[in-house]
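The following exercises concern the reading of a structural model. Please attempt each task before consulting its solution.

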Amino acid sequence: ITQLDLEVDTVSFNATISACEKGGEWESALQVFSAAVQSKVALHTITFSAAIIACEQGNKWEKAIHLLTAMRQSELEPNTATLNAAIGACGQSGGWETALQIFGMALLSSEEPDAITFNAAISACEKGGEWEKTLQLSSAMMDCRVELDTITFSAVMSACEKGGVWEKALQLVDVMACSKVEANTISSSAAISACEKSGEWERALQLLCDAVQSSVES
């Protein structure tokens, strides 16, 4: 096999894995990745990244961790998209502790973490019932000058509401309004539930009206 043939094979595998991943065919993407490994072609960052993103789509967090480990052993540095997918995969399966470990890797990476990185970690903690950690991560997000968005507020507010700290959820309603971040169904529901628990029925009605108006306008 010539060097040129090797490069063509690698590019072909990468393109096929990426195509399957972007098409939502995560099982096919992982099958092609396995074929690439068996063919002993050079595995690049793109190869691993597409496979790990496929793992997130298929909720295969253990496979994602395995691939991330293999990637680092191959002395390939995972990019932000790769780490985001790995964090997301762990979060979906309730593995918030592992998600935070990967988040730590993202902080030490040559690429700066973005909103997706933080949101994936916050969502993982929200699913794990770790409301304090969601607040810590949102604070770190601001320290890193990464803009908090609807996904951020929704996850943190939901975590606080579920954790019984409705006062903090209501504080976030005010912060969200001041930041001019548009509410969604999750944030509105969490805020209204917090109002109900705090006995603030008038505020609950106003939030409901705002949510209905926003839905009509969209």
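The exercises below proceed from the whole chain to one helix pair; the model is predicted.

**Exercise 1. Describe the secondary structure and the dimensions of the chain.**

Solution. Begin with the elements: the chain contains 12 helices and 0 strands. In sequence order, the pattern reads α-α-α-α-α-α-α-α-α-α-α-α. Next, consider the extent: the C-alpha trace spans about 75 × 35 × 25 Å along its principal axes.

**Exercise 2. Characterise the burial, the contacts and the surface of the chain.**

Solution. First, of the 218 residues in the chain, 41% are buried. Second, among contacts with a separation of 6 or more, 60% join residues 24 or more positions apart. Third, the exposed area of the chain is about 11,800 Å², and carbon and sulfur atoms supply 53% of this area.

**Exercise 3. Determine how helices H7 and H8 are oriented towards each other, and describe their contact.**

Solution. Two packed helices are described by the angle between their axes and the distance between the axes.

Step 1. Locate the helices: H7 covers residues 115-127 and H8 covers residues 131-143.

Step 2. Take the geometry: the angle is about 170°, and the axes lie 9 Å apart.

Step 3. Apply the cut-off: angles over 145 degrees count as roughly antiparallel. H7 and H8 are therefore roughly antiparallel to each other.

Step 4. Identify the residues that meet: H7 contributes Ala115, Phe118, Asn119, Ala121, Ile122, Cys125 and Glu126, while H8 contributes Lys133, Thr134, Leu137, Ser138, Ala140 and Met141.

Step 5. Classify these contact residues: 8 are nonpolar, 3 are polar and 2 are charged.

Notes:
Residues are numbered from 1 along each chain as its sequence is written. This is a predicted model: local features need pLDDT of at least 70, side-chain atom pairs count only at pLDDT 80 or more; totals for chains, interfaces and linings use all residues. Side-chain values use heavy atoms; hydrogens and water are left out. Axes are lines fitted to C-alpha atoms, for helices over the stretch in contact, and angles run from 0 to 180 degrees between N-to-C directions. Helices (H or I, at least four residues) and strands (E, at least two) are DSSP runs, numbered from the N terminus. Angles under 35 degrees count as roughly parallel, over 145 as roughly antiparallel, 65 to 115 as roughly perpendicular and the rest as oblique. Contact means heavy atoms within 4.5 Å. Ala, Val, Leu, Ile, Met, Phe, Trp, Tyr, Cys and Pro count as nonpolar, Asp, Glu, Lys and Arg as charged, and the others, Gly among them, as polar. Buried means under 20% relative accessible area, exposed over 50%, partly exposed in between (1.4 Å probe, protein chains only). Accessible areas come from the Shrake-Rupley method with a 1.4 Å probe; for residues, only the protein chains shown count as cover.
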